Amino acid sequence: MKRFARLYNDIDSTNKTSEKVAAMVDYFRSAPPEDAAWAIAFLVGRRPKRLVTAPRLALWATERAGIPDWLFQESLDAVGDLAETIALVLPADVLHEEDLPLHRWVEDRLLPLASLMEELQKGAILDAWDRLDRRQCLVFNKLLLGAFRVGVSQDLVVRSVSQASGVPVNVVAHRLMGDWTPDSSFYSRLVGSETGDSDVSRPYPFCLAHPLEASPASLGPIESWHAEWKWDGIRAQVIRRDGQSFVWTRGEELVTERYPEIADVCDLLPDGTVLDGELLAWQGDRPMLFLELQKRIGRKTVSKKLMQEVPVALVAFDVLEFEGQDLRDRPLEARRAILERLVEETGSGSLMVSPRVSGSSWEELEQIRESSRERNVEGLMLKRLDSPYLVGRKKGLWWKWKVSPMTVDAVLIYAQPGNGKRASLFTDYTFGVWHEGKLVPFAKAYSGLNDEEIREVDGFVRRNTLERFGPVRVVKPELVMELAFEAIQLSTRHKSGVAVRFPRIARWRHDKKPEDADTLESIKELLKTDGETASK
């Protein structure tokens with residue numbers, strides 16, 4: 001535990017990628033396999049769910065620290081993070097310090113808390129606090145609260161394991177996909193020198209695209225590129241191996257049972273096949289809006305009625321494995337030829353190939369791209385015809401060329417503190433637009449302002465709070481922001497009657513007064529330009 005807490009501190013105290021990687025490499029070279037396995041699980045985001053409620057944990061910490069509730073709350077407001085606040089207010093003296101291995105702390109003391117009654121839970125946690133120094137206590141608290149996050153991506157973890165073990169990056173990345181249990185046998189397989197293994201259900205690491213910010217003409221001759229629509233759905237791989245079918249999302253969630261239509265498609269594929277594509281709500285000859293697909297997301301069982309209302313299809317744009325052979329090193333053009341033949345032979349209406357979008361010039365392709373919203377897509381994908389299927393986001397091979405977002409001007413009406421390092425600042429905002437002479441909540445936004453602007457808004461919120469509802473502040477309606485979003489749809493679940501996709505702050509409109517903000521009526525006009533919603 002001491003070693004892992006030191007690793008957490010080393011990563012959290014630097015912004016330099018090289019130093020983070022060096023710290024992880026050093027850890028993986030020296031940690032026992034069973035500890036390294038749990039460390040990897042936590043670093044890539046496979047943290048346990050919250051094991052105890054935040055109010056309960058705060059109460060016990062207040063009692064153990066021997067301080068009044070108001071002082072603990074003031075401390076929390078100043079620090080902004082509950083796990084760190086508890087670590088700071090607890091007595092500094094460790095009664096029975098012991099350096100148990102990380103896996104023992106997790107398996108013997110942390111995970112069993114979920115099944116304990118409150119008093120036993122409290123006793124176990126107080127005993128743990130007595131045995132940990134501040135650094136270890138911080139990590140333990142974050143794991144308790146299901147809030148363990150540290151500034152490394154999965155790609156950096158993969159790179160570090162690769163450097164520590166000598167196993168190629170792409171092999172480590174593949175072995176980390178899918179289901180696995182963090183134990184010594186898993187870690188031994190992860191760093192094993194034999195690289196020909198392939199778990200039956202395991203998907204491949206996804207190849208990702210960079211946003212295209214320059215002119216597409218800078219990419220060279222259009223003849224070297226393959227263009228297709230950028231679909232707005234759930235990225236997924238479908239797998240057929242050893243007579244079994246699997247559907248994995250890019251978030252490494254196994255969703256085979258949630259999409260029976262796609263499970264049926266898998267069963268039609270020849271053995272040894274892996275396709276990459278997009279799960280879309282599909283009706284007739286076009287995709288439905290993502291907001292429709294959301295009705296299916298998260299449901300473990302799907303009724304026949306819902307399947308009829310929101311049928312799901314897989315639009316495939318790549319084949320990664322065929323007849324048991326890994327095709328990722330082959331050029332896209334060759335993979336597409338196999339994919340088109342394979343889909344045609346399957347003959348399922350729930351499986352289709354992402355069509356090629358053809359243009360004789362970049363200018364013509366840009367004109368075609370302008371029809372994206374009418375088609376319920378986000379723009380175009382541009383892929384080099386000779387590109388292999390690589391791990392992660394590699395510049396120069398795949399680009400996403402999205403259409404400009406929709407925008408509205410709205411007024412800040414509510415604010416509440418953010419999370420993590422921004423927990424002591426008001427960074428989560430609710431914006432309103434005008435309707436019948438009043439501001440009605442329209443959208444929430446959490447990103448788009450720089451650090452200086454965030455501090456300025458935070459100061460405004462503190463000086464101009466009208467009411468408080470728990471952590472939420474009602475503020476004087478003075479600040480106008482331009483919000484950007486990808487799609488809009490009627491919604492009975494929202495007070496405004498509309499829902500938007502990916503709202504974020506585009507810019508602070510210092511030049512506008514609150515009365516200049518948009519109206520709900522003008523926003524609903526956008527429905528007429530946003531694909532299928534216009535006909536509803």
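## A walk around the model

Start on the surface: select Leu-116, Met-117 and Leu-120, which make a nonpolar patch of about 320 Å². Keep in mind as you go that this is a predicted model. Now zoom in on Leu-116, which sits in the loop between H7 and H8. Is Leu-116 buried or exposed? Neither one fully: its relative accessible area is 32%, so it counts as partly exposed.

**Next stop: helix H9**

Select residues 134–144 to bring up helix H9. This helix is mostly covered, with nine of its eleven residues buried. To see them, colour Gln-136, Cys-137, Leu-138, Val-139, Phe-140, Asn-141, Lys-142, Leu-143 and Leu-144. Which helices do the buried residues of H9 pack against? Show H1 (2–12), H3 (33–43), H4 (54–65), H6 (82–89), H7 (102–110) and H8 (118–131), and you have the set.

Have a look at both ends of H9 while you're here. At the N-terminal end, Asp-133 acts as a cap, placing a side-chain oxygen 3.2 Å from the backbone nitrogen of Arg-135. Just past the other end, click on Gly-146, where phi is positive, at about 65°.

**Over to Arg-328**

Jump to Arg-328, in the loop that runs between strand E9 (325–326) and helix H16 (332–346). With 9% relative accessibility, this arginine falls under the 20% cut-off, so Arg-328 counts as buried. What does the side chain of Arg-328 make a polar contact with? Turn on the side chain of Asp-326 and you'll find it 2.9 Å away.

Now bring up the surroundings. Leaving out residues up to four places away in sequence, Arg-328 touches Tyr-204, Pro-205, Leu-320, Arg-335, Pro-388, Tyr-389 and Val-391. For a sense of scale, add Glu-292: the two residues are 36 places apart in sequence, and their C-alpha atoms are 33 Å apart in space.

**Last stop: Ser-348**

Follow the chain on through H16 and pick Ser-348, in the loop between H16 and strand E10 (351–353). Ser-348 has 18% relative accessibility, so this serine counts as buried. Its side chain reaches the backbone nitrogen of Ser-350 at 3.1 Å. To finish, show Val-265 and Leu-268: these are what Ser-348 contacts once neighbours within four places in sequence are set aside.

Definitions and conventions
Residues numbered from 1 in each chain as written. Predicted model: local features only at pLDDT ≥ 70, side-chain atom pairs only at ≥ 80, totals over all residues. Heavy atoms only, no water. Helix = DSSP H or I, 4+ residues; strand = E, 2+ residues; numbered from the N terminus. Buried < 20%, exposed > 50% of the residue type's maximum accessible area, 1.4 Å probe, protein only. Contact = heavy atoms within 4.5 Å. Polar contact = N/O pair within 3.5 Å; in protein donor to acceptor, adjacent residues only side chain to side chain. Patch = residues over 30% accessible without salt bridge, like charges linked within 9 Å, V, L, I, M, F, W, Y side chains within 5 Å. Areas by Shrake-Rupley, 256 points an atom, 1.4 Å probe, with all protein chains shown as cover. Salt bridge = Lys/Arg side-chain N within 4 Å of Asp/Glu carboxyl O.
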